[in-house]
Structures are given as structure tokens and as C-alpha cells.
Amino acid sequence: MMYVIIGLGTFGVSLGKTLNAMGNDVLGIDASMEKVEMHKTDFDTVCLNSTDETALKSQQVNEADAVIVAIGEDWAASVQTTAILLNMGVKNIIGRSLSPLHDMVLRRMGVTNIVNPEETAARSIANHLMLENVVSTYSITGEVVVDEVVIPNYYVGQKVSQINFKEEYNLNLIAIKHEVESSSIASKMKGIIGVEASKHWKAITDGLDSYIFGKGDHIYVCGEQTDIAKYLKSVNDY
């Protein structure tokens with residue numbers, strides 16, 4: 001797939017590197033030649049002013065699967081760029097919100113896919129500090145999140161169907177992550193002094209109800225953060 005990222009700050013560059021590593025084509029756009037030169041080996045980059053409609057059209061950004069406006073400082077440039085993209089007929093625009101007012105303006109313009117990386121990072125850090133056994137947090141919208149959570153010890157040996165996530169906790173279980181030993185030479189040499197078995201994670205998404213929890217499993221649950229907090233308080237014995 002092809003993605004265009006406008007704004008090569010910390011967020012834009014990190015997103016570009018991640019998308020590129022996943023096998024996608026990425027074009028990074030920034031008005032700073034220094035930034036463009038700095039990251040041209042990470043993915044394709046071009047130096048231009050995104051508030052110049054002619055310049056944007058020259059890059060055929062309307063053919064991208066998504067255009068991410070990742071401008072992180074210039075509120076006006078973000079809004080102008082978004083307006084130009086809408087005028088060009090770009091279907092999938094992802095906007096970066098810099099403030100509640102910016103968020104409101106983008107939504108009034110018709111942009112529904114809006115991210116706030118600072119808010120997401122703050123929420124994730126807060127969860128790590130306040131909610132034990134939360135490994136990571138992914139914001140979906142508003143208060144709805146997906147949390148990766150370490151299972152309590154007493155889940156081990158039980159079927160998923162025995163845990164009433166929806167009925168009792170108002171949460172949706174969407175996946176399980178199970179740690180397994182690999183078939184590498186290291187794992188075959190397990191037990192030899194100084195050699196540890198190599199392990200990797202296996203994702204389980206099908207037939208969840210019949211899955212039997214194993215030691216060290218992680219679950220991915222989706223729901224409101226308040227419900228996840230209540231769930232974590234109700235389970236202990238980690």
C-alpha cells in the first residue's frame with residue numbers, strides 16, 4: 001500500500017519507518033530540506049510546502065491509500081494542508097490533532113480519523129503507572145481502548161469460555177498472545193549451561209472460547225478504560 005506523510009517530526013518519521021518496515025511504500029513530505037535529507041534513507045522524501053496545492057498535486061498524493069497530516073507545530077499549516085487535500089478529492093485523510101480546538105476544526109471540515117500521539121502516549125504511561133499488568137494500550141476512540149493484559153495465575157488451565165469477559169466485565173476478548181519455544185538450535189540445546197531456549201509469541205484469534213489458558217499468556221481486551229480498570233481490580237493472584 002502507498003502512504004503519504006506530511007510533516008517529518010518525531011511522530012511522522014516514526015510512523016513512516018514503521019509503515020516502511022511493514023512493506024508499504026511511504027512518501028514523506030516536509031518544508032524543511034534538512035529533515036528531508038535526514039530521513040531520505042528511511043523512506044522516500046520530498047521537500048515542498050504542503051500549503052501549495054500545485055506542489056502537492058505534483059506528487060499525486062490523491063492516489064495514496066491514505067494521507068497522514070502529521071504537522072506538529074504549525075496549526076494553520078495543518079488546517080490549510082487538510083483543506084487542500086479535501087479539495088483534491090483525497091478520500092482517506094488522517095489528521096493529527098494539536099488541541100481540542102484543532103480537533104473540532106478538523107471534524108467540522110469532515111475529517112473523522114484524527115489522532116493525538118501525545119494523548120495516546122500519556123494514556124499508555126498512566127496505565128503502566130496506575131494499572132498493574134497492562135502491557136500496552138491502543139486508543140480506538142474516546143474512552144474505548146484495546147489493552148494488552150497479563151492473565152492472572154488462576155486462569156491457567158481454564159477455558160476462555162469459563163471467563164465471562166462480556167457478561168461480567170463488559171469487555172470483548174479479541175485475541176490471545178501465547179509464548180512458545182522456537183525450533184531454533186538454541187531451544188534444542190536447552191539445559192546446556194549458558195544456553196537459553198529461544199521463544200516467540202503466537203497470536204490466537206480463532207476458536208477463542210475453546211482455548212485453554214497457558215502460563216504467561218497475554219489477552220487483548222477491548223472496552224472502555226473504566227471497565228478495564230474494574231476488571232483489573234477484580235482479578236489478582238498474579
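**Cysteines and the packing of helix H4**

With a relative accessibility of 18%, Cys-222 counts as buried, because burial is assigned to values under 20%. The structure discussed here is a predicted model, and the accessibilities are computed from it. Cys-47 comes out on the other side of that cut-off: its relative accessibility is 30%, so this residue is classed as partly exposed. A disulfide is a covalent bond joining the sulfur atoms of two cysteines. Searching the whole structure for such links returns zero disulfides.

Attention now turns to helix H4, which spans residues 75–87, and its packing against helix H5, residues 100–108. The axes of the two helices are 11 Å apart and meet at an angle of about 10°. Since angles under 35 degrees count as roughly parallel, H4 is described as roughly parallel to H5. On the H4 side, the contact is formed by Trp-75, Ser-78, Val-79 and Thr-82; H5 contributes Leu-101, His-102, Val-105 and Leu-106. Sorted by character, the residues of this contact comprise five nonpolar and three polar ones, with no charged residue among them.

A further residue of H4 deserves a look of its own. Thr-81 lies in this helix, and its relative accessible area of 0% means that Thr-81 is buried. Which residues does Thr-81 contact, once its neighbours within four places in sequence are left aside? The partners are Ile-6, Ser-50, Thr-51, Leu-56, Val-69 and Ile-71.

How values were computed: Residues are numbered from 1 along each chain as its sequence is written. This is a predicted model: local features need pLDDT of at least 70, side-chain atom pairs count only at pLDDT 80 or more; totals for chains, interfaces and linings use all residues. Side-chain values use heavy atoms; hydrogens and water are left out. A disulfide is a pair of cysteine sulfur atoms within 2.5 Å. Buried means under 20% relative accessible area, exposed over 50%, partly exposed in between (1.4 Å probe, protein chains only). Axes are lines fitted to C-alpha atoms, for helices over the stretch in contact, and angles run from 0 to 180 degrees between N-to-C directions. Helices (H or I, at least four residues) and strands (E, at least two) are DSSP runs, numbered from the N terminus. Angles under 35 degrees count as roughly parallel, over 145 as roughly antiparallel, 65 to 115 as roughly perpendicular and the rest as oblique. Contact means heavy atoms within 4.5 Å. Ala, Val, Leu, Ile, Met, Phe, Trp, Tyr, Cys and Pro count as nonpolar, Asp, Glu, Lys and Arg as charged, and the others, Gly among them, as polar.
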